[in-house]
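Q: Could you take me through one buried corner of this model in detail, residue by residue? After that, I'd enjoy a look at the contacts and backbone features elsewhere in the chain.

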Amino acid sequence: MTTSPDPISAVSQRLESFAADRRAEVAGLGDEAADFVEAALACLHGGKRLRARFLAAGFAAVGGDTTGTQDVAGVAASLEVFQAAALVHDDLVDNSDTRRGRPAAHRALENHHRRSAWAGDAEPFGRAAAVLLGDLLVAWSDDLLEQSIVTDGRAADVRRQYATMRRDVTVGQYLDVAEEAAFASAPEGSHAQRALRIASYKSARYSVQQPILIGAALGGADDAQRDLLSSFGHAVGLAFQLRDDILGVFGDAAVTGKPSGDDLREGKRTVLIAYACETLDTESRRELEDALGDRGLDAAAIARLQQLIRSSGAVERLESDITRFAAEAETALDDAPLTATGISVLRELAHAAIQRSA
């Protein structure tokens, strides 16, 4: 795989080959097994391939040899398989109906149950099957990673970075779920910092920092390069998640593939919500907090909550944080002992991740 700004082609080809092997594994096990595998493979379609892009950029930044034996495409593809697993479980936890403009995995499996006229209740079947489907994708990500580094002298280093990524995002996801209940007993004034901690573990480290460091490990990075890339990646990742917080409340469903205001219906205790609650008057704050997590919020109710959040100044404050983290990322690359091409790609990716609308 080349280290160009667009590694999607090579990663997509690797995923297609991987999919063919997975289909062959269940040949002869019956329609149910084949349908289950197809449902899992469907989760690999679409997306921005953000983690693959950052991994390839990390490899390039430390001078990784594109003519060498490192299977960058395979490792990058394994991250995309893990991301598919994370989204399946995330949608299940959040009870989300859609993902990338299509039914979420548990809803698709529920619909399959109904179309097949199977016995029992379709909804719990869909949820149970989605747990297993996510687990299968996690196993596949391990399989693809190991296939890609089996003869690589840097395999142990890559595994360490990959394991850190998986641990951090799992802890972050739990913190996210727990905060929807734990906020009630948390000290007043601590909510924004607690939300930022979630953003760090759930997104910043997982989506940007660790993919870069995995690529850097493949490329043979030294300690100084790792430290700079870690600082850059974490700052970009935080800005990325804070942008996601804004899109989760104000995003256009036609662009994001998720209903507008979905974070409000899911009761997400983001930095944006913490900032709003800090400055709203008592009555408005109570209105916002009472509505958070109400799955029945209609368009008018969402619009009202959006107006409250805007009036609080929380959006402007969050935009200021995003600008600050973006500046920190830029500073980390100043005079960095990295390749010029790699720095250029990292900057382009950072800008795209932070300024995105979906």
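A: **A buried corner and its surroundings**

Happy to! Gln306 is located in helix H14, and please keep in mind throughout that this is a predicted model. With a relative accessibility of 16%, Gln306 falls under the 20% cut-off and is therefore classed as buried. Leaving aside residues up to four places away in sequence, Gln306 is in contact with Val249, Phe250 and Ser260.

From there, a short step takes us to Gly248. Gly248 belongs to helix H9, which covers residues 223-250. This glycine is buried too, because its relative accessibility is 13%, again below 20%. Setting aside residues up to four places away in sequence, Gly248 touches Gly261, Asp262 and Asp263. Not everything lies close by, of course: the C-alpha atoms of Gly248 and Thr151 are separated by 42 Å, with their places 97 residues apart along the chain.

Asp262 deserves its own stop. Asp262 is in helix H11, made up of residues 262-266. At 8% relative accessibility, Asp262 counts as buried. Beyond residues up to four places away in sequence, Asp262 touches Ser96 as well as Gly248.

Helix H12 adds to the picture, with neighbours that include the helices we have just visited. Helix H12 spans residues 271-279, and seven of its nine residues are buried, so the rest of the structure largely encloses this helix. Those buried residues are Val271, Leu272, Ile273, Ala274, Tyr275, Ala276 and Cys277. The buried residues of H12 pack against H8, H9 and H11, and also against helix H13 (282-291), helix H14 (299-311) and helix H15 (314-333).

H8 brings us to the aromatic rings. How many aromatic pairs does the structure hold? There are three. In one of them, the ring centres of Phe82 and Tyr206 lie 5.9 Å apart with the planes at 65°, so this pair is edge-to-face. Phe82 sits in helix H4 (residues 72-94) and Tyr206 in helix H8 (residues 191-218), so the pair links distant parts of the chain, 124 residues apart. Phe82 and Tyr206 are both buried. Trp118 and Phe125 make up another edge-to-face pair, with 5.5 Å from centre to centre and 85° between the planes. Here the surroundings are more open to view in the numbers: Trp118 is partly exposed at a relative accessible area of 33%, and Phe125 is partly exposed at 28%.

Charged side chains also meet rings in this model. Arg205 lies over the face of Tyr201, at 3.9 Å from the ring centre. Arg324 has its charged end over the ring of Phe325, at 4.6 Å from the centre of that ring.

Let's turn to a helix-helix contact. The axes of helix H1 (residues 8-25) and helix H6 (residues 122-149) come within 12 Å and cross at roughly 115°. The crossing of H1 and H6 is right-handed. On the H1 side, the contact involves Arg14, Leu15, Phe18 and Arg22, which meet Trp140, Leu144, Gln147 and Ser148 in H6. Sorted by class, this contact comprises four nonpolar, two polar and two charged residues. As background, an α-helix has 3.6 residues a turn, so residues three or four places apart point the same way.

Finally, two loop residues are worth a look for their backbone angles. Most residues other than glycine have a negative phi. Arg49 has a phi near 55°, which is positive in a residue other than glycine. Arg49 is found in the loop between helix H2 (31-42) and helix H3 (50-61), and it counts as buried because its relative accessibility is 10%. Asn95 likewise is not a glycine, yet has a positive phi of about 60°. The loop that holds Asn95 runs between H4 and strand S1 (98-99). Is Asn95 buried or partly exposed? At 26% relative accessibility, Asn95 counts as partly exposed.

Terms used:
Residues numbered from 1 in each chain as written. Predicted model: local features only at pLDDT ≥ 70, side-chain atom pairs only at ≥ 80, totals over all residues. Heavy atoms only, no water. Helix = DSSP H or I, 4+ residues; strand = E, 2+ residues; numbered from the N terminus. Buried < 20%, exposed > 50% of the residue type's maximum accessible area, 1.4 Å probe, protein only. Contact = heavy atoms within 4.5 Å. Phe/Tyr/Trp six-rings, centres within 6.5 Å; stacked < 30°, edge-to-face > 60°. Lys NZ or Arg CZ within 6 Å of the ring centre and 35° of its normal. Axes fitted to C-alpha atoms, helices over the stretch in contact; angles between N-to-C directions. Left-handed = near helix turned anticlockwise from the far one by under 90°. Nonpolar A, V, L, I, M, F, W, Y, C, P; charged D, E, K, R; others polar.
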